[in-house]
Amino acid sequence: MSQRVQGVIARGKGAPVELTTIVVPDPGPGEAVVAIQACGVCHTDLHYREGGINDDFPFLLGHEAAGVVESVGAGVTDVEPGDFVVLNWRAVCGTCRACRKGKPWYCFATHNATQKMTLEDGTELSPALGIGAFVEKTLVHAGQCTKVDPRARAAAVGLLGCGVMAGIGAAINTGGVTRGDSVAVIGCGGVGDGAVAGAALAGATTIIAIDTDDQKLEWARGFGATHTINARGADVVEAVKELTGGFGADVVIEAVGRPETYEQAFYARDLAGTVVLVGVPTPDMKIELPLLEIFGRGGALKSSWYGDCLPTRDFPMLTDLYLQGRLDLDAFVTEEIALGQVEEAFGKMHTGGVLRSVVVF
């Protein structure tokens with residue numbers, strides 16, 4: 001048996017997305033079908049549409065989602081129909097070399113559904129990040145479903161499925177931000193503001209938000225930034241040093257993914273400080289730094305994959321903080337849109353004024 005539902009696909013590089021009928025098979029062993037309630041429109045989906053990830057078109061877009069488990073396949077015990085879940089793209093295997101070392105957040109063999117969703121003519125779809133959630137119902141591996149408190153608003157906690165978790169985790173998990181630290185965040189979109197919020201949760205006392213958009217800087221203040229720098233009219237490195245006693249920040253989080261902003265992050269940190277790259281660069285980008293500076297400054301240069309999160313550990317905890325009023329996930333949701341408005345939401349990414357558009361079903 002299978003179901004026919006409406007979903008958004010990208011057929012070719014740069015072509016406008018299309019609302020069409022998707023065939024969703026019944027779940028097989030280890031799989032689950034989830035009725036999607038909300039899905040954020042993330043830059044990664046735009047990268048898929050532009051061919052920046054790979055060329056396995058057509059893509060079923062969407063991955064930053066929450067919903068309710070409708071059915072499960074054989075052998076599934078961790079979730080059951082009726083569970084409210086946030087979807088994740090790091091369903092850890094438990095047996096790869098990272099998992100065996102006790103570092104499952106680095107899992108190198110994450111699970112996805114075995115079966116394929118298709119178009120009505122049988123064309124197999126490539127689900128974005130193994131999820132594909134711009135659709136009324138999607139098929140995933142059951143390990144991609146993380147149960148959270150059903151009292152949470154789907155449009156808000158669904159953002160933990162990608163961007164907000166990437167930012168919070170970049171600060172807390174990768175950057176190791178702790179009480180009394182100074183933190184600078186370069187780039188204040190959804191990921192960057194997640195990093196600001198994460199730094200605030202961890203007890204950082206100086207949190208510097210850096211962007212070229214005054215509206216984004218204002219949003220960053222709402223998430224806990226104590227200072228802001230508009231990079232259009234300032235020397236970012238000198239401005240960060242001025243706000244940190246002349247030394248630089250303990251942790252600098254680069255949430256843009258460009259060589260010039262990474263270089264700013266490198267020089268804006270204190271001696272023995274940490275740089276965290278969570279912004280996603282394109283394959284052609286390169287950076288050149290004096291090796292003596294890398295040696296002489298010490299500290300750590302890190303990249304953060306998905307905020308080095310472990311969904312089963314982090315999603316329920318952050319959902320609880322949200323319900324307690326200690327993490328304002330609602331503030332990340334700029335607008336709620338219909339499934340047919342995804343292409344319009346992509347356009348708003350270029351014009352600004354939107355932190356997150358969220359498709360609500």
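**Exercise 1. Find which residue of S2 stands opposite Ile-9, and place Ile-9 in its sheet**.

Solution. Begin with the pair itself: Ile-9 stands opposite Glu-18 in S2. The model is a predicted one, in which local features need pLDDT of at least 70 and side-chain atom pairs count only at pLDDT 80 or more, whereas totals for chains, interfaces and linings use all residues. Residues are numbered from 1 along each chain as its sequence is written, and side-chain values use heavy atoms, with hydrogens and water left out.

Next, turn to the strands, which are DSSP runs of E with at least two residues, just as helices are runs of H or I with at least four, both numbered from the N terminus. Strand S1 (residues 2-10) pairs with strand S2 (residues 18-25) in the antiparallel sense over eight bridges, where pairing requires that DSSP finds at least two bridges between two strands. S1 is also joined to strand S4 (residues 59-60), running antiparallel to it, by two bridges, and in S4 Ile-9 stands opposite Leu-60.

Finally, assemble the sheet: it is open, has five strands in the order S7-S2-S1-S4-S8, and its pairing is mixed. Its edges are strand S7 (118-119) and strand S8 (126-127), each of which pairs on one side only.

**Exercise 2. Determine which side chain meets Glu-120 in a salt bridge, and what the pair ties together**.

Solution. Apply the rule that a side-chain nitrogen of Lys or Arg must lie within 4 Å of a carboxyl oxygen of Asp or Glu; the count by this rule is 14 salt bridges. In one of these, the side chains of Glu-120 and Arg-4 meet at 3.4 Å, N to O. Because Glu-120 lies in the loop between S7 and S8 while Arg-4 belongs to strand S1, the pair ties together parts that are 116 residues apart in sequence.

**Exercise 3. Describe how S12 and S13 pair, and what unit they make with helix H6**.

Solution. Strand S12 (residues 206-211) pairs with strand S13 (residues 227-230) in the parallel sense over four bridges, and Asp-211 has Asn-230 of S13 as its bridge partner. With helix H6 (residues 214-223), the two strands make a right-handed β-α-β unit; right-handed here signifies that, with the strands pointing away from the viewer, the path from the first strand over the helix to the second runs clockwise.

**Exercise 4. Identify what is notable in the backbone at Pro-58 and at Ala-272**.

Solution. The peptide bond from Phe-57 to Pro-58 is cis, with omega near -5°, and Pro-58 is placed in the loop between helix H1 (43-49) and S4. Ala-272, found in strand S15 (residues 269-277), has a phi near 65°, a positive value in a residue other than glycine.
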